[in-house]
Amino acid sequence: MYLDSRKSLEIDQMLKEFDGFNLVVHNCLINSYLEWGNVSEARKVFDEMPERNAVSWTSFVSGLLKHGNVDEAMSYFGRNPFSDVFSWTATINGLVQNRLSFEAMRLYKKMAVYGIMPNDVTFTCILRACGELGDFELGKSVMGSSIKVGFEDNLSISNSLVTFFLRLGEIDFARRTFDQMKEKNVISWTAILDMYVEMGDLEEAHRIFEEMPERNEVSWSAIIARFSQSGNVEEAVKLFQQMVKDRFKPNVSCYSSVISALASLEALPGGRTIHARVLKIGMERNVFVGTSLVDLYCKCKSTKDGRVVFDSIPEKNVVCWNSIVSGYSLNGQLGEAKELFNRIPKRNNISWNSLIAGYLGIENFSNALEVFDGMILSGEQPNKSTFSSVLRACASLPSLEKGKYAHAKALKLGFQHDIFVGTALVDMYAKSGSVESSKTIFNRMATKNEVVWTAMIQGLAENGFAEESLSLFEEMEHASSVAPNGLILLSVLFACSHCGLVDRGLKYFNSMEKVYGIMPNERHYTCVVDMLARSGRLREAEKFITDMPYEPEANALAALLNGCKIYGDEILAERIAEKLTGRAETKTGGYVLLSNVYASGGKWGDVLSTRNMINQKGMKRSGGCSRIEVRNEEHLFYSQDETHSQSKEIYWVLQLINSEI
DNA sequence: TTAGGGTTAG
């Protein structure tokens, strides 16, 4: 029995005035103080008690352990005159809960020296410690001891054993223990259910769930949570509906899980229905449910509603703050994200990561890096996802220096072996033109997934190492278990196109569906058009465009037009330019390219009239832009415009170099 | 004194 904090103080006061002593009331007082986190009052009552029994000692020691006061607890434990299996077990349990499993084991071994026999609860605690330590042999020897003492068919111990085997990934042992149990309860079933969900065998999990003779709200919440986390969100929602239909009362955990599932589905109407239920039972102020709701509204692009829920949560923790920051970030509302980020009382690395990801999302790469600098300065430890974002920002900026700095930091923290960080590094170096560094990182990676292969193959192709890119692709096909995907094949086509390997490219394109089972998309088609156009097979390219199953991308037409320019085919150019100008997205592109076709053919009159048309229609030219960094300064070069302050000098030098060549 | 479930980034 516990008293609330106000009542505890009142009763404490009354007892003092009464000057009486009742052991039971004092023990209750200690428990109440500890329950409310008032350790110093509990200590005072305990120290001033004229007489203590075994219960006083055990509850005070385990209360201290519950609040992390380990040294003090151990000191009181050593002085306990009522040393029995309860006091030892409670202490062992407290140590395990403080993640001091090694110390817990030591205490367990000491029990024998003092002649105290462990009971069933001792074994469950100690098995948990073995699980924490990841020591399979130790767990098995504890199991042996428990059998020796006669606990072979003990339900709690068997349940703990199942969990222990699961923690160590010993699936067969877990299943065998479960199958051999004479008696099973809802905990045993939930544990084994969890195993199948964790293994990703959701069908078997579902079967187990159906088979369970008994369910409670924890087993429901276990299966709903697991389905939700593993991405089987529709199934999670269905189970929730079933649970309600079966007249079970969903608890906080069920609501948070189902709301989180609805958030990934971006199911706003369903979310609002659940929100209404939550409001009805007064659960919206709960930090778990509230946080899920904030996330739901933000993922459904309704940051306003998310903010209302956020403001209504009385006791916000860092997860809750992070959800609103990431919610605003996700929706590109970086002003709000930054403002709330600044108000977080105690940030963690996820808070920083959320803001960095936000700037990355709106392609404000320099701010993303600025936040990263702030993170380092604040002493917060970046994690692998920080580096993954930061390196992506570096890849998009001309600065190789910043990328190198982030790389050094990642090395220092030992994240270089992480596949996400490794991939981001490969990509960053390739995009910054440092193909050699990119290759070094790639070759050092112990495990490679399709993303990193894609990054390397693409990096080589885009840096002009087309042959190498293609041989890497072949190596991937022969030496790895990674199957080519659409993106990799796009890089392969790109490489063929830039290498002039038209027939090989066409062979890859034609085998996409047949050999690799990948439907080519618009981008693949565009790449083939570019490939044909570059090699002068203009009519073939035109036919390819006419025959393709999609409306050609503007880029495909532009690529063909570019081919017309190189090979001086003005008739085809006019036809294509007309098609291109119908496109809203590139009204200018067609004309600019057409005027280039005329220019290369020396038809200056046509050039002029085309350019006039661009101006008449009030079209803004949007040319390409190159960026380089020289001595920490960014220089931008736009196609067709000489806007750089030193363009005169630059072109002069360029001319000089050209004449030298 | 014990064994099963919960919200945020990538």
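Here is a chat about a predicted model of a protein chain with DNA.

Biologist: Let's start with the overall make-up: how many helices and strands are there in chain A?

Modeller: Chain A has 661 residues, and 46% of them count as buried. As for its elements, the count for chain A is 38 helices and two strands.

Biologist: What share of the contacts in chain A between residues at least 6 apart in sequence join residues at least 24 apart?

Modeller: Here we set aside pairs under 6 apart in sequence and look at the contacts that remain in chain A. The part of them joining residues at least 24 apart is 57%.

Biologist: Which residues touch the most other members of the largest nonpolar core?

Modeller: That core has 188 residues. Take Phe473: leaving aside neighbours within four places in sequence, its contacts include Ile457, Pro484 and Tyr516. The residues touching the most other core members are Ile92, Ile224, Phe473 and Leu560.

Biologist: Now the DNA. Which residues come nearest to DNA strand B?

Modeller: There are 45 residues around DNA strand B. Sugar and phosphate make up 42% of the strand's atoms that come within 4 Å of the protein. The residues that come nearest are Arg128, Asn216, Gln229, Asn251 and Val252.

Biologist: Which helix gives the largest share of the surface near DNA strand B?

Modeller: By residue type, that surface divides into 15 nonpolar, 24 polar and six charged. One helix, covering residues 287-299, supplies six residues, and that is the largest share. Its name is helix 18.

Biologist: How far is a polar side-chain atom of Asn322 from a base oxygen of DNA strand B?

Modeller: Let's go through a few polar contacts. Gln229 has a polar side-chain atom 2.8 Å from a phosphate oxygen of the strand, and the side chain of Arg392 has an N or O atom 3.4 Å from a sugar or linking oxygen. For Asn322, the partner is a base oxygen, and the distance is 3.0 Å.

Biologist: Is Trp57 buried or exposed?

Modeller: Trp57 sits in helix 4, residues 54-66. Beyond residues up to four places away in sequence, it touches Phe46, Arg52, Tyr76, Arg79, Asn80, Pro81 and Phe82. Its relative accessible area is 7%, and the cut-off is under 20%, so Trp57 is buried.

Biologist: How far apart in space are Trp57 and Arg79, C-alpha to C-alpha?

Modeller: Along the sequence, Trp57 and Arg79 are 22 residues apart. In the model they are in contact. From C-alpha to C-alpha the gap is 9.3 Å.

Biologist: Which residue's backbone oxygen does the side chain of Thr124 reach?

Modeller: Thr124 is in helix 8, residues 120-133, and is buried at 17% relative accessible area. Leaving aside neighbours within four places in sequence, it's in contact with Ser156, Ile157 and Ser160. At 2.6 Å, its side chain reaches the backbone oxygen of Val121.

Biologist: Is Arg247 buried or exposed?

Modeller: Arg247 lies in the loop between helix 15 and helix 16. It has a positive phi of about 65 degrees although it is not a glycine. With a relative accessible area of 77%, against a cut-off of over 50%, Arg247 is exposed.

Biologist: And what does Glu266 count as, at 46% relative accessibility?

Modeller: Glu266 also has a positive phi, near 50 degrees, and isn't a glycine. Its place is the loop between helix 16 and helix 17. Because 46% falls between the 20% and 50% cut-offs, Glu266 counts as partly exposed.

Key
Residues are numbered from 1 along each chain as its sequence is written. Chains are lettered from A and ligands numbered from 1 in the order in which they are written. This is a predicted model: local features need pLDDT of at least 70, side-chain atom pairs count only at pLDDT 80 or more; totals for chains, interfaces and linings use all residues. Side-chain values use heavy atoms; hydrogens and water are left out. A residue is near a molecule or strand if one of its heavy atoms lies within 4 Å of it. A polar contact is a pair of N or O atoms within 3.5 Å; within protein, one must be able to donate a hydrogen and the other to accept it, and residues adjacent in sequence count only if both atoms are side-chain atoms. Helices (H or I, at least four residues) and strands (E, at least two) are DSSP runs, numbered from the N terminus. Ala, Val, Leu, Ile, Met, Phe, Trp, Tyr, Cys and Pro count as nonpolar, Asp, Glu, Lys and Arg as charged, and the others, Gly among them, as polar. Buried means under 20% relative accessible area, exposed over 50%, partly exposed in between (1.4 Å probe, protein chains only). Contact means heavy atoms within 4.5 Å. A nonpolar core is a set of buried Ala, Val, Leu, Ile, Met, Phe, Trp, Tyr and Cys residues joined through side-chain atoms within 4.5 Å.
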